[in-house]
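Let's take a walk through this protein together. Have the sequence and the model side by side, and follow along from one stop to the next.

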Amino acid sequence: MSEIWEALRKRARSAENSIDVKLVSLNKLNSHAGRLDSDEKSISARQALFNTLTQEIEGLLAKLTHVNDEMNDVVGAQSSAGWAMNPAVQHTLRRHREILRDYGTEFRRARDNVEQQLQRESLLSGGVSGTSQDGSCLNNRLKGSDLYLKENEHINSCDRLIDEQMSIAMATKENLQRQSMSLRGIGKRMDTLAKKYPMINNVMQKIQYKKRKDAVIMAAVIACCLIFVFFYLKS
């Protein structure tokens, strides 16, 4: 029966060592939680690791509980034996129970802390994501507003250019009208002078006659030259 006891003790120590390693990993997970640079991927990864660790630790605690029950049954069944009444055996049994209780308490504390921290980070990550999406929508709306404002500025610029061109056209029209009126006034004054001073009228007529005569002579010379060149090339 002592061999069974020793085998149970080995199983208990093995389970306790495994639980200790898993609890260290769980506490490290808690120390890594709460970082400001946490994103959805890192939170999901820690959540998956948290679920795995809690399941493994719960299984190990159940296994250790079962081993402790078996150890208690063995000691109870051999209460009449000398080795079972040994204070060292009773102390060992009590110590394994205390270790199981301490591990259970430590596991529940670490599990609750990590779970709360992960939930908090998940909420914060969702809020940041929602804020970024709202900011993206707001930026899109601002971009649309900027486009409308720029288009409005372009339209206003075109209107100003059209107004300027119309102003220039109106000013040009007014200048042409003034010049036309001035020329008409000059023509009327010339007619008045010609009627008032017949000699001036005669001089003007002679000048016009000479211009027409010069034009006719020039046209005749050009025509003769062209005819001469034509016959020369033909011959």
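**A helical span and its surroundings**

Start with residues 215-233: the span is 100% helix and 0% strand, and its end C-alpha atoms lie 27 Å apart. UniProt lists these residues as a "transmembrane region", in an unreviewed entry, and such annotations may be inferred rather than shown by experiment. Please keep in mind throughout that what you are looking at is a predicted model.

Now step back to the whole chain. The protein has four helices and zero strands, so if you trace the elements from the N terminus on, they run α-α-α-α. Of its 235 residues, 19% count as buried.

Next, turn to the cysteines. How many disulfides does the structure hold? The count is zero. A disulfide is a covalent bond between the sulfur atoms of two cysteines. To be counted here, the two sulfur atoms must lie within 2.5 Å. For C224, the closest cysteine sulfur is in C225, and because it is 6.9 Å away, it is too far for a bond. Looking from the other side, C225 has its closest cysteine sulfur in C224, again at 6.9 Å and too far for a bond. As for the surface, C224 counts as exposed because its relative accessibility is 52%, and the cut-off for that label is over 50%. C225 has a relative accessibility of 43%, so it counts as partly exposed.

From there, move to a nonpolar patch on the surface. L183, I186, M190, V203, M204 and I207 make this patch, which covers about 520 Å². Which elements give two or more residues to the nonpolar patch? They are helix 3 and helix 4, the latter being residues 198-234. Take I186 as one of the patch residues: it lies in helix 3, and with a relative accessible area of 40% it is partly exposed.

Stay with helix 3, which covers residues 87-196, for the last stop, Q117. Is Q117 buried or exposed? Q117 counts as buried because its relative accessibility is 18%, and buried means under 20%. The side chain of Q117 also has a partner: a polar contact of 2.6 Å joins it to the side chain of R120. So along helix 3 you can find both Q117, which is buried at 18%, and I186, which is partly exposed at 40%.

Key: Residues numbered from 1 in each chain as written. Predicted model: local features only at pLDDT ≥ 70, side-chain atom pairs only at ≥ 80, totals over all residues. Heavy atoms only, no water. Buried < 20%, exposed > 50% of the residue type's maximum accessible area, 1.4 Å probe, protein only. Polar contact = N/O pair within 3.5 Å; in protein donor to acceptor, adjacent residues only side chain to side chain. Patch = residues over 30% accessible without salt bridge, like charges linked within 9 Å, V, L, I, M, F, W, Y side chains within 5 Å. Areas by Shrake-Rupley, 256 points an atom, 1.4 Å probe, with all protein chains shown as cover. Salt bridge = Lys/Arg side-chain N within 4 Å of Asp/Glu carboxyl O.
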